[in-house]
Each structure stands twice: as structure tokens, then as C-alpha cells.
Amino acid sequence: MGKLVIVESPTKARTIKEFLPKGYTVTASMGHIRDLPDSAADIPAKLKGEEWARLGVNVDRDFEPLYIIPADKKKVVRDLKQALSDAEMLILATDEDREGESISWHLSQVLAPKIPVRRMVFHEITREAILEALENAREVDGKLVRAQETRRIVDRLFGYTLSPLLWKKVAWGLSAGRVQSAGVRLLVQRERERRAFRAGTYWDLEATLEHAGQSFEAQLVALDGRRLATGKDFDEHTGKIATGKDVLLLGEPEARGLQERLNGRPWDVTGREEKSQIRRPWAPFTTSTLQQESNRKLRLSARETMRTAQGLYERGFITYMRTDSVHLSNQALSAARECVASLYGDEYLPAKPRHYVNKNAAAEEAHEAIRPAGAVFKTADQTGLKGVERSLYELIWKRTVASQMADARQTGIVVTLAVDEATFRATGKRIDFPGFLRAYVEGSDDPNAALEGQEIAIPDLAVGDHPVCLALEATGHVTQPPARFTEATLVKELEADGVGRPSTYASIIGTILERRYAIKQGQALVPTFTAFAVTSLLEHHFPHLVDIKFTARMERTLDEISEGAAEWLPYLQQFYLGEEGLRAQVESKAEGIDAMQARTVELEGLDARIRIGRYGPYVEVVENGDSFRATLPRDIAPADLSDQDVAALIRQKRDGPSELCRHPETGEPVFVLVGQYGPYVQLGEVTDDNPKPRRKSLPKGMTPETLTEEIALGLLSLPRLLGAHPETGARVLADLGRFGPYVVHDKGKEGKDYRSLKGEDKVLTVTLDRALELLAQPKAGRGGRKSAAPLRVLGPHPDDDVPIGVFDGRYGPYVKHGTTSASIPSGGDPQTLTLEEAVTLLAAKRMTKGGARKKPAKKKAAKKVKKKAAAKSKATSSKKVKKTE
């Protein structure tokens, strides 16, 4: 008999197994093995009649949670119990945070071992860390488990109590969440600010001067001793200079007149000031700062960052990635300082290690910052990592090493110049010693290039010098509205406000996007009209639930429960069952919420009414007593919707589409329309004989105003046949889809190979040679990741001849056919799996995903038939009785 170690994933199991002594068996639980019911189908039959079972929490019995083992975890549990039957000790080695502690507790409850149970925690997967964790194994921490369970219950009660209200009053399928709703409100508030924003215009002069053979730039800052207005002096609500600002506002005529007067006039240096500046390195990464920086530098979403970091941790490359701590262990300090000395030299090494202190007093349990694992930090080249994994590891390595480097020293230079009554200012910056900037510049991939960009050269000017003006330009400026949140800035804002935990931000932002409370335009998160409607409802009827301060106070209380400073049961009772508790508020206010009003979005400065309909938002206008409705394009931002946009949509709905031209071959009209997914062209009218005429969306960036007849006809001719692939003889086509232009290698039954068109490539002009070049490149997934290559290709599926592949995933090996994936059971060997076994696994997966959903519908229909038959039989029997009587 040996010792059984349980972790969350096969990847983590394989890594840990290398460091454990003989006699240890490592297996994976595949995450949580039980949870609150996800749907009514998960509720045990004996409890289906209980009202509280819908919540999954019995609020009248001290908030007792209803835990169930999901169908896809029952085999995992059986396998774990079988492995446990041969063990003499159970070691629970799940992650070291609250979630990991909870997984360990559930494992101990479900498996009910009769042998000794120990809890093993570590923050990195190295030989030293694993052996040390074995020596210091402990009991499961009940306080951490209770804290996680309380959070889970609070979030469940919040979502399952408010979401049904949103379904009834706004639209089906919406959701509310303790942190999610607060995050959505932040997006909506920023969009309201952008809509209320009024732009201001101001002008100034920019000069190009030369001294001692070196040119430099200077800007007009004052005129006759009066400071010139800049963007910060404007009131964003009026577009005019804010009250109380004593500044001079130049318009275009004044600026151009001043330009003419100053041309050819002599320039004098009237002042020069130099100021030494010290820049200290940033602290090592926490979960939040890693998400922010990887979004800025690598363009990864929070979810992609955490998924990649999870893989790096489980394979032993970095320390645990869910942490609020900026602390580095002595081992890490030594490793980082060794990297500094060997790679950059002793002058870049401070006299003693740097220690960072957490600003967040409620930091999570993990006790160290995110850093490269081990006593020696491998460079990215030494790891063998590729793609996004290498990029993220290198980002972590640079940040950690830079945190132990010397300060950067630089000098700021300000030169004041006078020409007649005008005062100009030139600024420069000199880097005297780069220090940590040699390794890491925030927001930049290349520190050396960034260093060059940070230096602003300026001649060695002294008071009394007379530089020569080479050019003087009048320049207009327009103030800009507040920037929309990106994932990075939203994470930063949530953390600064104390809302939620950084470890949950990735899933929260993912939910906001999946529920279409926001869409992405580039990196910006743009709230939708649905987000406006839901936020308005919550603000008017449950204002404290989306109040940032209230949500932050909830977070602090939940932290106090984990520390033992607050009791969980009284808190839950007050939150949900109190006189002002959530249940009482929803019950008392639900009837008073007018559904039509809740579905109406009022936008500042817009006369039309926006409503949320069954199929999305639409605009409604009343003209001469007649009501006209038009669907709003999905990608239009609430802050950008204008009366002109509304008028165009209503005009199209009222008068029909505008005809652009006639098709030269068929003579059918070509229309330009705007629909839910934006502008598109249509060939012919919608008739009974032609209910779905040919349509094509306009390429991104093209508007109906810029559309030409030639482009419209070209779009309607898509897909374009570019030619035959030289290797397969199969067709290569160019087309335009929902997600943009692409080329495709159509291999018939063997499937299709797609590549998006890039940069200057145009769908109407791309050539076969360029398409082949793109198709030869590795296929990229989201975030620029290369799609996983199969370990093996088993062969074509008997139903459609599409190949079935074997892949290695985060939770172990799996088989994939099209869009369906199925895990290979524990103990199964990916190298010996047969095509027939794979087909069986995929068929079982499809039954649990979709096939099983169709059967109840048939049963339901059958029940209706039986019910009707029974009713008919009963009626017939009743008639017979009456006749007999």
C-alpha cells in the first residue's frame, strides 16, 4: 500500500510525480468534484418539490448548501475511491488559496477516507518546495473553507434572486452578480460620461528651432504673461473653459494671426532649469498587475492570462498565480540578484535586497508574488517555451528581476524662450543611469528601444542664447472624452475600489462579455444597451447593490470571515433574511417595477426611445401618430448613437432600402441596408419566392456613404474562387464572414482550413499566391496563440469523414472531432487509443451535451398526447355515464 496524492489537473499531477519519493501515487480530481446544482435537472428527485432547492441553499436551515456531484464528475469520483482503496494515507495537494482549500474539503467529505488525511500546500512546483510541503503537511483549514463557502452562498443568493427579476422585467437569459453588476455599472457610468461630454477646441503654436546644429521642439505656453488654455482647462459638460480658470483661449484666427506676427522675429532663451529625478522599480507581479500588464503588452484578455499562467504554474515554471502579495522569499531574492549581477553587472545591483509591502491589507492567502519558480531563474531561452507561454514567462521574469535592480536616474530639462510677447517652453529628458529600465519598461516589450524613446534630446541651451526658428505652425486641438475601460483598466479600477478579488476578475470580465453586457471594440470594453437597461433598473430599485462602496464593504466582511474576525451565519442572515435583506427587497419591489419602463433606455440628448426587445435593442419613433421601429446595429455604442443615425434607420424602415444600382447580369436591384450586425448589401427584394435574398456585410471601416457600385457587386459575388491548391488540388476561396475577411482551403470531406486576412489584404483583390502564403502559416488562436497540434490523428469519423485527433489539454488528454471534445478516461493511454474507442467517447459526450436535451422534448410531447388522450377518454366515459343515467 502506498500514499495517494490528489491534485486538480493531470498536468499538475505529472509535474509533482517527478519530485515525490517512491510509494506515492498522484491522481487528479479535475477541479471541483461537487458544487451547488447548476440547473433544475441536477436537483435530486426527492427535493425537486422544495422551493429552496432552486436556490441550492436552504436559507431556513442556517443556509445549508445543497451539494451535488455533476454527471461528468461521477466517474472521476468512482476512480478516486478506487485509488483510495489501495492507499494507506491520503494527501490533498490542491492549490493553496481558498478555492483550493475548498476542493480539498469536498474531496475529504465525498471520499470519506478511513485512513489518515493530510493537507499539503506549496506555492511553486519544484523538488525543494514539494519535499518541504510533505514535511509540513497540516489539516484542512476550516476557516478558509467556511470563507469560500460563504462567498459561494452570497454570490448564489445574489444571482439566483435578482436574475429571475431581470428575466421578467428586461429580457430572458440575463444575469446579475455581486461583482459583475458593479463592474457593468462602471462601464455604463463611463459611457454616460462620454455621452454627456462636450468637446472643446483650442489652438496654440508649435515651433521647430535649431541651436548648435541640433533641432528641438517648443510649444506656446503664455501670451503677454497670461497662461494659454490647454485641454485640462475645459469643462467636459459644456465644452467651454471651466469657471474660475484665468487662461487665454486662442481660436484659429488668433493663432494664425500670431503666427504671422512672430515669423522672422528673434528668439531668446530666458530660462533653463534642470531637475534630477529618481525612478524606482515596480513591485513583482500580483494577479491583478499581471493581468493588467499582459493585456497592455501581450494583448491577452484576463482569462487568457490566467489560463496561460495556470499552465506555467502546473508545469513548474512559475509560482502560484493567484496572489495579492508582492513579497519575495529569500530564495527568490537571491535568484533575482544573481540574474542582475550576471546579466547586467554589479553596478545594476543595489547594496541590499529590495522588500515590497502590500498596499492591500486584505491580501489573499498566497504568501509570495508571481515569479519564476526555483532557486535559479531560467531565462526564457532556457525554458524551451514557445508562443504566448514564452511571452508571459518572459514578462514575469523581467518584472521579477527588475524589481531587484538599482534605481533609474534621469534629469528633466525645461527651457523657457521668448519671442516678442509670446512665451514658449521646450522640455527634454536625459537618462543618466538606466538602472532597472535596462530590464523592464512598463507597457513596452523592448526595454532598450523604450529607453531610447524615453530620452528627449535638447541642445545645451543657456540664458541669452538665440536659437533659430526653422518652422512655426498653428495647431488646433480638440478635447477628448474619458477613455473607455479596457480589461487592464477595469481590473485596476475594481482592485482600487476593493471590489471582488483579482483571482475572480478573469471570469467576471468573461461573463460580462458572454452575456453581452459589453462588446469589444479593439481593446475597449463598450457597454451595450442591455447593460444600460439592467444598470438603470438596479440603480433605481436596488441602488446599494451596485454601489461600489457597499460592494467593497461586503468584500471586507467576507475577508474578516476568513480571518475569524466575523461570524458567517449572522452575516448571511442579515444580508438575505433581514428586514432590509435581499429577499425582502426583491419581494416588496418586484410588483412595482414596470417592465416597459425597465426595458426603456433613455440617452441624454436623444429624442428617440431605445427599448430592449426579444431579439435585441431597437429604436422607436412616433411620427404623425404612427410608430416606427428599427433594430439597432449590435456594434453601435450608446455614447455614439446620434439623432442622424436614428433618422437613417427609421427612414430605411419607413421608406424601404435605398437602391444603389442594378446587377449587370440579372437586372435585380442592389440595396444598401443597415441591420443588427451593421451595414450590408442585398441583391433583390424580399418576396415569397425569394425570402432570403443574397446579402453581404460591408467590410470593417466601410460605410454606406463610401460604398461604390463596383465594391457592392464584388461583395455580392463572394466567395471568390482564387484557384486550386497545388498540393491537394482542392479549391482555395476568399470570402467575408461575421468575423471579417478570410481565405479558406476547402478540402471537402477532410474539412476546411481557414486563415484571416491581415493588414492590407483585401477580400476582393487577394491573390492565390498570397492566400497560399497565409495558409502555410501556423493557425493562430485567440490572443495570437497557435492552435494546439494533435498528438495523433486517429482517422476520419465514420459519419462525416472529418478527422479525429488526440490532444493534450490542461485537464489531461482528450479527443476532438469538429467542435466536440471528450476526455480520455483516467488510465487510458492516448498513444494506444483506437478510432473506435474515440468514436464511442465522442458519442457519449454528445449525448450529455445536446442529444440528451432533445429526448425530454419528445417525452414532453408524448405526455401531451397521452394527456389529451386521457382527457378525451374521460370525456367519452362521462358521456356514457350520462346516457346510462
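Which residue just after H3 takes a positive phi? Ala112 does, at about 45°. The model is predicted, and this report walks through some of its local features.

## Helix H3 and its surroundings

Helix H3 covers residues 98-111. At 1.5 Å a residue, its 14 residues should span 20 Å. The end C-alpha atoms are 20 Å apart, so the helix agrees with expectation.

H3 is largely enclosed by the rest of the structure, because 11 of its 14 residues are buried. The buried residues include Arg98, Glu101 and His106. Ile103, Leu107, Val110 and Leu111 are also among them. The cover over these buried residues includes strands E1 (2-7), E5 (87-92) and E6 (117-119). It also includes helices H2 (74-84), H5 (142-169) and H17.

## A buried glutamate in H17

Helix H17 spans residues 548-563 and holds Glu555. Is Glu555 buried or exposed? Its relative accessibility is 1%, so Glu555 counts as buried; the cut-off for buried is under 20%.

Neighbours within four places in sequence aside, Glu555 is in contact with three arginines: Arg151, Arg178 and Arg501. Val179, Gly498, Val499 and Gly500 are in contact with Glu555 too.

## Strands E27, E28 and E29

Strand E28 takes in residues 740-746. Six of its seven residues are buried, so E28 is largely enclosed by the rest of the structure.

How do E27 and E28 run? They are antiparallel, joined by seven bridges, with E27 at residues 731-737. Arg731 stands opposite Asp746 of E28. The two strands form a hairpin, with two residues between them.

E28 also pairs with E29 (residues 752-756), again antiparallel, over five bridges. Here Val743 has Arg755 of E29 as its bridge partner. This hairpin has five residues between its strands. In the turn, Gly748 has a positive phi of about 65°.

## Nonpolar cores

The largest nonpolar core has 140 residues. Which of them touch the most other members? Leu162 and Ile318 do. Residues up to four places away in sequence are not counted in the contacts of Ile318 that follow. Ile318 touches Ala309, Leu312 and Tyr313. It also touches Ile370, Arg371, Pro372, Ala373, Tyr393 and Ile396.

Another core lies apart from this one and has 26 residues. Ala218, Leu220, Ala255 and Phe424 are among them.

## Aromatic pairs

The structure holds 14 aromatic pairs. One is Tyr202 with Phe234, whose ring centres are 5.7 Å apart. Their planes meet at 35°, so the pair is tilted. The pair links distant parts of the chain, 32 residues apart. Tyr202 sits in strand E7 (residues 201-211) and Phe234 in strand E10 (residues 234-235). Tyr202 is buried, with a relative accessible area of 13%. Phe234 counts as buried too, at 11% relative accessibility.

Trp282 and Tyr440 form an edge-to-face pair. Their centres are 5.8 Å apart, with 75° between the planes. This pair also links distant parts of the chain, 158 residues apart. Trp282 lies in the loop between strand E12 (268-279) and helix H8 (287-298). Tyr440 lies in the loop between strand E14 (422-433) and helix H13 (447-454). Trp282 counts as partly exposed, at 23% relative accessibility, whereas Tyr440 counts as buried, at 1%. Both belong to one aromatic cluster with Phe285 and Phe436.

## Arginines over rings

Which ring does Arg146 lie over? Arg146 lies over the face of Trp568, at 3.9 Å from the ring centre. Arg190 lies over the face of Phe485, at 4.3 Å from the ring centre.

## Leu470 in strand E15

Leu470 lies in strand E15, residues 468-478. Leu470 and Phe216 are 254 residues apart in sequence. In space, their C-alpha atoms are 9.8 Å apart. Leaving aside neighbours within four places in sequence, Leu470 is in contact with Thr208, Leu209 and Glu210.

Methods: Residues numbered from 1 in each chain as written. Predicted model: local features only at pLDDT ≥ 70, side-chain atom pairs only at ≥ 80, totals over all residues. Heavy atoms only, no water. Buried < 20%, exposed > 50% of the residue type's maximum accessible area, 1.4 Å probe, protein only. Helix = DSSP H or I, 4+ residues; strand = E, 2+ residues; numbered from the N terminus. Pairing = 2+ DSSP bridges. Core = buried A, V, L, I, M, F, W, Y, C linked by side-chain atoms within 4.5 Å. Contact = heavy atoms within 4.5 Å. Phe/Tyr/Trp six-rings, centres within 6.5 Å; stacked < 30°, edge-to-face > 60°. Lys NZ or Arg CZ within 6 Å of the ring centre and 35° of its normal. Expected span 1.5 Å × (residues − 1).
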